[in-house]
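Q: I am a first-year student and would like a close look at a single part of this structure. Please take your time and explain each term as you come to it.
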Amino acid sequence: MVLAEDEATGKRLLLTGDGLGNHLIDGLRQANLLSGDGTLHVDTLKVPHHGSDRNVSKKFFKTVTADKYVISANGKDGNPDLDTLVWIVEGAREHGRAIEIFATNRTPSTRKTCREIRSQGVRLQLGSDG
């Protein structure tokens, strides 16, 4: 996991690799990066492990929030999982935040999410069908 910050703008990017959500949260806690309420907000979050719901949970997206979510997945093994996309959208909605999700490829789950979230303050930018 890497947390990068632009000193000039204060913008932060969290790169999570293939980390498990609970391990990522533990690492953030150990590094004293969680706020007093136990959360971390970044400008951009690279969603762990291609958006697999086997690597993250709803709790992860309540703990780590972002304005922009990046998901690199091509549909292999069902990634990104629909549950992951739902958790991201629900977390933003609960906090009244407008977010953007950028997915590298169109997959069944990203297409379904696109259809369902058009009016929910979420912009979902999809890559190619490749």
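Against which strands and which helix do the buried residues of helix H1 pack?

A: This is a predicted model, in which local features need pLDDT of at least 70 and side-chain atom pairs count only at pLDDT 80 or more, while totals for chains, interfaces and linings use all residues. Residues are numbered from 1 along each chain as its sequence is written, and side-chain values use heavy atoms, with hydrogens and water left out.

The chain holds four helices and six strands, where helices (H or I, at least four residues) and strands (E, at least two) are DSSP runs numbered from the N terminus. Along the sequence these elements follow the pattern β-β-α-β-α-β-α-β-α-β.

In helix H1, which spans residues 21-30, the buried residues are Gly-21, Leu-24, Ile-25 and Leu-28; buried means under 20% relative accessible area, exposed means over 50%, and partly exposed lies in between, with a 1.4 Å probe and protein chains only. Viewed down the axis of H1, these buried residues fall within an arc of 100°, so they line one face of the helix, the arc being that of the directions from the helix axis to the C-beta atoms. It helps to recall that an α-helix has 3.6 residues a turn, so residues three or four places apart point the same way.

To answer your question, the buried residues of H1 pack against strand E2 (12-15), strand E3 (40-46), helix H2 (58-63) and strand E4, where contact means heavy atoms within 4.5 Å. After H1 comes Asn-32, whose phi is positive, near 55°.

On the other side of H1 in sequence, the loop between E2 and H1 contains Thr-16, which counts as buried at 3% relative accessibility. Apart from neighbours within four places in sequence, Thr-16 touches Leu-24, Leu-45, Lys-46, Val-47 and Pro-48, and Leu-24 is one of the buried residues of H1.

Leu-45 appears again in the largest nonpolar core, a set of 24 residues in which Leu-45, Phe-60, Phe-61, Tyr-69, Ile-88 and Ile-101 touch the most other members; such a core consists of buried Ala, Val, Leu, Ile, Met, Phe, Trp, Tyr and Cys residues joined through side-chain atoms within 4.5 Å. H1, E3, H2, E4, H3 and E5 each give two or more residues to this core, and its largest share, five residues, comes from H3. In soluble globular proteins, nonpolar side chains tend to be buried together.

Within this core, ring pairs link Phe-60, Phe-61 and Tyr-69 into a cluster; rings of Phe, Tyr and Trp (its six-membered ring) pair if their centres lie within 6.5 Å, with planes under 30 degrees apart counted as stacked, over 60 as edge-to-face and the rest as tilted. Phe-60 and Phe-61 form an edge-to-face pair, 5.1 Å centre to centre with 85° between the planes. Phe-60 is buried, with a relative accessible area of 1%, and Phe-61 is likewise buried at 1%.

Strand E4 (residues 64-71), one of the partners of H1, pairs with E5 in the parallel sense over four bridges, given that two strands pair if DSSP finds at least two bridges between them. Five of the seven residues of E5 (residues 99-105) are buried, so this strand is largely enclosed by the rest of the structure.
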